[in-house]
Amino acid sequence: GACTMGRVYLRDAEIAAVPEEREFKRARHEIVEVPRPPPATPLATDVAEGLALLLFGFDSDPDDRERWFQQAFTFADSNSNAPWGLQQDFGGPCGVLAAVQAYLLRDMHLAAQQGGTQLDLASQEDPLTELSAYVDARPERLRGHLASALCDMLVRCCSWTKPLLWAEVVTLDFIQVTEFSSPAELHKFLESASLSSPGAVLSFTCSLILTRGMESVRVDMDNPGQPLVGAFGHCTQELVNLCLIGSAASNVFDGEIKFEDCGDENSGDTISLKGVRAPCPVGYLTAMEALGLAEVGSYYKAPSYPIWVLGSSSHYTVLFGLGCAANHCTLPSTTAATNTSNDAVRAISDGSTASCAMCSKKPGCALAGAGTGTLYHYNGKVIGGDPVQVRRVALAWDGETHPKPLLMHDGDSDAVFREAMRTRWPGAQVTWDGDHAPQII
């Protein structure tokens with residue numbers, strides 16, 4: 001049952017580093033015959049109890065749990081300008097949905113790069129319309145992209161000693177687990193799975209945890225006693241990181257910061273704060289950095305694809321480009337952690353990032369201060385019955401300084417969005433279509 005290699009059926013030509021710094025080599029568009037997976041088996045009662053505790057903690061609100069049970073992987077309706085967008089119908093799972101959306105967009109980028117799919121983003125004056133037309137022509141394509149996204153995220157959680165797992169959650173006491181011997185087998189299963197049924201998002205989340213291993217998830221976390229779902233059913237940073245990088249790290253800076261135990265200087269004990277260990281295919285930005293409450297490292301700010309999950313105090317959305325120009329703007333200066341003896345921490349200041357998967361240059365290598373760029377913001381949350389929409393966001397550098405507001409809070413949505421963008425694109429003039437900034441809170 002270990003996660004074995006060989007020929008796979010993933011739309012991905014890159015080599016993805018798993019948390020143990022092993023490698024999965026995957027060949028795009030290689031169609032193979034894969035055996036049927038073994039029958040699902042019930043998860044042992046004590047393991048199911050431990051999983052529920054790790055996910056929701058003690059005395060969680062039944063209404064929060066019920067919203068997670070109801071959320072499915074469903075796409076926006078025909079009235080939306082984003083037919084490829086996952087729709088959030090219930091509060092709570094937005095962090096998981098945003099991460100899946102980011103990987104789904106990445107898989108569509110891969111399809112455009114590889115050709116043969118009638119998706120051409122590079123040569124289009126309006127690539128967003130091209131993206132929607134690609135989906136409208138054959139809606140079934142979305143199932144394949146969604147399966148690839150989920151499979152890729154599960155593979156990133158997998159080590160050589162653990163199998164790939166899918167956990168079908170009937171109730172928190174009754175969970176049916178299927179074990180897969182290869183990514184190809186898992187991908188084929190996901191293509192025909194009932195992902196649009198209530199509970200699919202919860203099943204995927206439990207699959208991530210079990211594939212990573214519950215003990216490994218707790219080791220990843222700075223505070224192993226806290227649950228992955230917080231107050232009001234909101235995704236914690238640990239859960240979002242598990243989705244994005246396959247590790248439930250508690251922080252978003254690069255590497256790991258270690259402190260000597262201040263209580264007893266002779267004890268030799270250290271306290272470790274764990275962050276992002278390697279360059280990422282998709283990134284992460286947060287309004288909490290604009291508010292001075294977090295520091296995002298270069299690994300998340302300069303991913304190999306121009307796609308970022310955008311976090312705030314209470315919600316997660318997605319920011320993305322259909323070209324890579326915005327990913328090549330110079331990164332903001334970041335102060336390295338004091339423990340420079342750690343190689344991963346040292347990478348904060350040496351500019352170590354992934355190569356751009358779209359042009360092979362390093363993200364963050366161009367000089368900001370000239371030109372313009374276009375990004376898109378997608379919020380899958382249904383608000384007031386209106387169809388979910390993608391919004392255009394324009395970046396421009398006019399040579400002027402744009403001081404940060406002296407007082408800023410969550411309620412000032414325009415300022416929070418603008419300053420969140422400037423944590424990645426310092427000095428940019430940020431504008432958007434519509435009267436108010438895209439909603440990120």
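Contact here means heavy atoms within 4.5 Å. Helices (H or I, at least four residues) and strands (E, at least two) are DSSP runs, numbered from the N terminus.

Before you start: this is a predicted model, where local features need pLDDT of at least 70, side-chain atom pairs count only at pLDDT 80 or more, and totals for chains, interfaces and linings use all residues. Residues are numbered from 1 along each chain as its sequence is written, and side-chain values use heavy atoms, with hydrogens and water left out.

**Exercise 1. Work out how α5 and α7 sit against each other, and which residues meet.**

Step 1: get the axes. These are lines fitted to C-alpha atoms, for helices over the stretch in contact, and angles run from 0 to 180 degrees between N-to-C directions. For α5 (residues 141-157) and α7 (residues 200-212), the axes come within 8 Å and cross at roughly 30°.

Step 2: put a word to the angle. Under 35 degrees counts as roughly parallel, over 145 as roughly antiparallel, 65 to 115 as roughly perpendicular and the rest as oblique. So α5 and α7 are roughly parallel to each other.

Step 3: list the residues. From α5 come Leu 150, Met 153, Leu 154 and Cys 157, and they meet Phe 204, Ser 207, Leu 208, Thr 211 and Arg 212 of α7.

Step 4: sort them. Ala, Val, Leu, Ile, Met, Phe, Trp, Tyr, Cys and Pro count as nonpolar, Asp, Glu, Lys and Arg as charged, and the others, Gly among them, as polar. That splits the α5 and α7 contact into six nonpolar, two polar and one charged.

**Exercise 2. Lay out the six-stranded sheet and find what packs on it.**

Step 1: order the strands. Two strands pair if DSSP finds at least two bridges between them. The sheet is open, reads β8-β9-β10-β11-β12-β13, and has mixed pairing.

Step 2: find the edges. β8 (283-286) and β13 (429-432) each have a single partner strand, so one side of each is left without a neighbour in the sheet. On average, neighbouring strands are turned by 30° against each other, direction ignored.

Step 3: add the helices. α3 (residues 94-114) packs on the sheet, touching β9 (307-311), β10 (316-320) and β11, with its direction at about 20° to that of β10. Helix α9 (residues 237-245) lies across β8, β9 and β10, and runs at about 155° to β8.

Step 4: check the pairing towards β13. β11 (residues 372-378) and β12 (residues 390-396) run antiparallel, joined by seven bridges, and Tyr 378 sits opposite Val 390. Four bridges join β12 to β13, again antiparallel, and here Ala 394 faces Thr 431.

Step 5: read the faces of β13. Buried means under 20% relative accessible area, exposed over 50%, partly exposed in between (1.4 Å probe, protein chains only). Val 430 and Trp 432 point to one face and are buried, whereas Gln 429 and Thr 431 point to the other and are not.

**Exercise 3. Identify the largest nonpolar core and follow Phe 73 through its contacts.**

Step 1: define the core. It's a set of buried Ala, Val, Leu, Ile, Met, Phe, Trp, Tyr and Cys residues joined through side-chain atoms within 4.5 Å.

Step 2: size it up. The largest has 96 residues, and those with the most contacts inside it are Phe 73, Trp 84, Phe 204, Leu 244 and Phe 320. Helix α3 gives the most, with 13 residues.

Step 3: trace Phe 73. Not counting residues up to four places away in sequence, its contacts include Leu 86, Leu 97, Leu 150 and Phe 204.

Step 4: look elsewhere. Another core, of 21 residues, lies apart, with Leu 285, Phe 417, Trp 425 and Ala 428 among them.

**Exercise 4. Place Leu 86 and say whether it is buried or exposed.**

Step 1: locate it. Leu 86 is in the loop between α2 (62-70) and α3.

Step 2: check accessibility. Leu 86 has 3% relative accessibility, so it counts as buried.

Step 3: look along the chain. Leu 86 and Tyr 378 are 292 residues apart in sequence, yet their C-alpha atoms are separated by 9.4 Å. Leaving aside neighbours within four places, Leu 86 is in contact with residues including Phe 73, Val 100, Tyr 378 and Gly 380.
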